[in-house]
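Please look over the sequence and the structure shown here before reading on. The report that comes after is meant to be read alongside them.

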Amino acid sequence: MTGPYGHPAQQPGPAYGYPAPQARPSGATAIIAAVLGLVGALASGFIPIRYFIELPSGFSLSNLPGFALVELVLYLLAALFLLMGALTTFFRSLIGAILLILGSLLAIVAVVLEPIAFRVPYRIHLDFLLRFATFDGVLRLAMVVFGLLALLLAVLPPTFRYLRWRPAPVQPYRPQNQFPQQGGW
């Protein structure tokens, strides 16, 4: 029995100089990490914006203690890195996973260092977070949970495999042992 290219031994394939087709890796972990990063970016960006809006009219940012300004900058940087990381991950760029990792770490550090910035004991801060009594507590808890999940999914090998994968260029088909004809004079 013969195939479309003649004898079965003459079929194109890996044994005859053609690369084997590579299976496309699944991008589930990368896409889920990007979606979680978007949610974390929204939560992280909302907190400083709310502080800026609620500042009294005679009060400026220079009146805040230095640790409070550092805390607000950490929230804004976490939101920026998470947003940029999520968008670049959707476009299958490797830097997206790295930005998601950095943004997640910044969001977690911002929540952990917040009691130091505002001089509140950790016990009261954790009670505030875990009671779900205020919207700010829910946002901070969402930042930690979504940040941890995005961090875990972004560091998994399937995420990097999906973001690094590029299809092999298609080789033009040329039957075995045949060369293009030379033009005559």
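What follows is a short report on the fold, a pocket, a charged pair, a surface patch and some single residues.

## Overall fold

The model described here is predicted. Its protein chain holds six helices and zero strands, and reading along the sequence therefore gives the pattern α-α-α-α-α-α, with the helices taken as DSSP runs numbered from the N terminus. Of the 185 residues in the protein chain, 35% count as buried, where buried refers to a relative accessible area under 20%.

## The second largest pocket

The second largest pocket has a volume of about 170 Å³. Its lining is made up of Tyr51, Glu114, Pro115, Phe118, Val120, Ile124, His125, Phe128, Asp136 and Arg140. Sorted by class, this lining consists of six nonpolar residues, one polar residue and three charged residues.

Which helices each supply at least two residues of this lining? They are α3, which runs over residues 94-117, α4, which covers 122-130, and α5, which spans 135-154. Among the helices, α4 gives the most to the lining of the second largest pocket, with three residues.

## A salt bridge between two helices

Side chains of opposite charge can pair when their charged atoms come close. A search of the whole structure finds one salt bridge, and it joins the side chains of glutamate 114 and arginine 140, with a distance of 2.6 Å from N to O. Glutamate 114 lies in helix α3 while arginine 140 lies in helix α5, so the pair ties together parts of the chain that are 26 residues apart in sequence.

Are the two partners, glutamate 114 and arginine 140, buried or exposed? Both of them are buried, and both also appear in the list of residues that line the second largest pocket.

## A nonpolar patch on the surface

On the surface, Ile31, Val35, Val39, Leu83, Leu87, Phe90 and Phe91 make a nonpolar patch of about 610 Å². Two helices, α1 (28-53) and α2 (66-90), each supply at least two residues of this nonpolar patch.

Valine 35, one of the patch residues, is found in helix α1. Because its relative accessibility is 42%, valine 35 counts as partly exposed, a class that lies between the cut-offs of under 20% for buried and over 50% for exposed.

## Helix α2 and the loop after it

Two further residues of helix α2 can be considered in turn. Valine 70 lies in helix α2 and is partly exposed, with a relative accessible area of 46%. Although valine 70 and glutamate 114 are 44 residues apart in sequence, their C-alpha atoms are 9.6 Å apart in space. Leucine 80 is likewise found in helix α2, and it counts as partly exposed because its relative accessibility is 42%. The C-alpha atom of leucine 80 is separated by 7.5 Å from that of glycine 103, a residue 23 positions away along the chain.

Arginine 92 lies in the loop between α2 and α3. Its phi angle is near 60°, which is a positive value in a residue other than glycine. Why does arginine 92 count as buried? The reason is that its relative accessibility is 17%, and the cut-off for buried is under 20%.

Note on methods. Residues numbered from 1 in each chain as written. Predicted model: local features only at pLDDT ≥ 70, side-chain atom pairs only at ≥ 80, totals over all residues. Heavy atoms only, no water. Patch = residues over 30% accessible without salt bridge, like charges linked within 9 Å, V, L, I, M, F, W, Y side chains within 5 Å. Areas by Shrake-Rupley, 256 points an atom, 1.4 Å probe, with all protein chains shown as cover. Salt bridge = Lys/Arg side-chain N within 4 Å of Asp/Glu carboxyl O. Helix = DSSP H or I, 4+ residues; strand = E, 2+ residues; numbered from the N terminus. Buried < 20%, exposed > 50% of the residue type's maximum accessible area, 1.4 Å probe, protein only. 1 Å grid on protein atoms, 1.4 Å probe; cavity = no way out; pocket = protein on both sides within 12 Å on 5 of 7 lines; lining within 4 Å. Points joined across faces, edges and corners; volume = space filled by probe spheres on them. Nonpolar A, V, L, I, M, F, W, Y, C, P; charged D, E, K, R; others polar.
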